[in-house]
Amino acid sequence: MQTAYRSWRADTVLYALGMRSVDCSALKEAAGDAQVYLIGDAIKPGKVDQCTRTGYIAALKIGASEESIAFIQE
């Protein structure tokens, strides 16, 4: 079996997984110094509204100052 690797330059990367939680430590490690936000089923399996909310909260945090993040209600 041959494995192909591709790379892209990007400011933001979305890595979509299935409907169950998995260990994302390898993804965090591969990201190096880049911020990694786990959302939705990557945290724990949930309902659409819960998963959407975690994505919304993560989006608010991207590029926000530390002071602003303190006001975001999770």
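User: Before anything else, what counts as a helix or a strand here, and how many of each does the chain have?
Analyst: Helices (H or I, at least four residues) and strands (E, at least two) are DSSP runs, numbered from the N terminus. This is a predicted model, where local features need pLDDT of at least 70, side-chain atom pairs count only at pLDDT 80 or more, and totals for chains, interfaces and linings use all residues. Residues are numbered from 1 along each chain as its sequence is written, and side-chain values use heavy atoms, with hydrogens and water left out. From the N terminus on, the order is α-α-α, and the tally is 3 helices and 0 strands.

User: Which helix has the highest confidence?
Analyst: pLDDT is the predictor's confidence in each residue, from 0 to 100. The chain averages 83, and 92% of the residues score at least 70. Confidence is lowest in α1, at a mean of 86. The top mean, 90, goes to residues 48–61, helix α2.

User: What radius of gyration does the chain have?
Analyst: The value is taken over C-alpha atoms, and the globule rule is 2.2 Å times the number of residues to the power 0.38. For a compact globule of 74 residues, that rule puts the radius near 11 Å. The C-alpha trace spans about 50 × 30 × 15 Å along its principal axes. For the chain itself, the radius of gyration is 14 Å.

User: Is Val13 buried or exposed?
Analyst: Val13 sits in the segment before α1 (25–30). Buried means under 20% relative accessible area, exposed over 50%, and partly exposed in between (1.4 Å probe, protein chains only). Because its relative accessible area is 69%, Val13 is exposed.

User: And Lys61, buried or exposed?
Analyst: Lys61 belongs to helix α2. Leaving aside residues up to four places away in sequence, Lys61 touches Tyr37, Ile69, Ile72 and Glu74, where contact means heavy atoms within 4.5 Å. Its relative accessibility is 16%, so Lys61 counts as buried.

User: What share of the chain's residues count as buried?
Analyst: The accessible surface comes to about 7000 Å², of which 53% belongs to carbon and sulfur atoms. Those areas come from the Shrake-Rupley method with a 1.4 Å probe; for residues, only the protein chains shown count as cover. Of the 74 residues, the buried share is 12%.

User: Among contacts between residues at least 6 apart in sequence, what share joins residues at least 24 apart?
Analyst: One pair to look at by C-alpha distance is Val13 and Ala31, 18 residues apart along the chain and separated by 9.8 Å. For the contacts you ask about, the share is 17%.
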